[in-house]
Amino acid sequence: MRGPNWGATWAHVVNWGSNAINDWKLAGDARFVGRNDSESTFTGWRGRNADAIALKPIGASARCSRVTATFGNGRTQNLALHNGDVLQQGEFNSLDLPGDHRNVTRLYLKCRATDGRAVAIQILTSK
């Protein structure tokens, strides 16, 4: 705690003082192992409505080639995620949900670690 970079390092990890992310609530995570794209479906929503979804890579940076949301009415939609750019480890990447569709029941992710063997993608919601 006495090191000159201690505050800067940990502030980045836990985002102290950042109003941009203080409204985010952790919904769960999906884990991807290996350098090839792999798939995961997150279904732990329990009737939660969300205005936006954020993905936060933990353990490595990641590239997600597809993120698809399924809504309570059965409709599915691909969500835009930085045009396939790399999601940097520890950074929040917000996805806006379309129009009046807020009742997400499932999130399908197709991702891979870019600079490590495995990556966990935290899934966060904002209301």
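Reader: Happy to look at this one with you. Of the residues in the protein chain, what share counts as buried?

Author: Of its 127 residues, 40% count as buried. Keep in mind as we go that this is a predicted model.

Reader: Thanks! And how much accessible surface does the protein chain have?

Author: The accessible surface comes to about 7400 Å². Carbon and sulfur atoms hold 44% of that area.

Reader: Let's turn to the fold. How many helices and strands should I look for?

Author: You will find 1 helix and 8 strands in the protein chain. Read from the N terminus, the order of elements is α-β-β-β-β-β-β-β-β.

Reader: What part of the contacts with a separation of 6 or more comes from residues 24 or more positions apart?

Author: Such pairs account for 79% of those contacts in the protein chain.

Reader: Now the cysteines. How does one recognise a disulfide, and how many does a search of the whole structure find?

Author: The general idea is a distance test: two cysteine sulfur atoms within 2.5 Å count as a disulfide. Here the search of the whole structure gives 1 disulfide. It joins cysteine 64 to cysteine 111, with an S to S distance of 2.1 Å.

Reader: Where in the chain do the two partners sit?

Author: Cysteine 64 lies in strand β4 (residues 62-71), while cysteine 111 belongs to strand β7 (residues 104-113). The two are 47 residues apart, and the pair links distant parts of the chain.

Reader: Is the link right-handed or left-handed, and what is the angle about the S-S bond?

Author: The link of cysteine 64 and cysteine 111 is right-handed, with 100° about the S-S bond.

Reader: Lastly, are cysteine 64 and cysteine 111 buried or exposed?

Author: Both cysteine 64 and cysteine 111 are buried.

Definitions and conventions
Residues are numbered from 1 along each chain as its sequence is written. This is a predicted model: local features need pLDDT of at least 70, side-chain atom pairs count only at pLDDT 80 or more; totals for chains, interfaces and linings use all residues. Side-chain values use heavy atoms; hydrogens and water are left out. Helices (H or I, at least four residues) and strands (E, at least two) are DSSP runs, numbered from the N terminus. Buried means under 20% relative accessible area, exposed over 50%, partly exposed in between (1.4 Å probe, protein chains only). Contact means heavy atoms within 4.5 Å. Accessible areas come from the Shrake-Rupley method with a 1.4 Å probe; for residues, only the protein chains shown count as cover.
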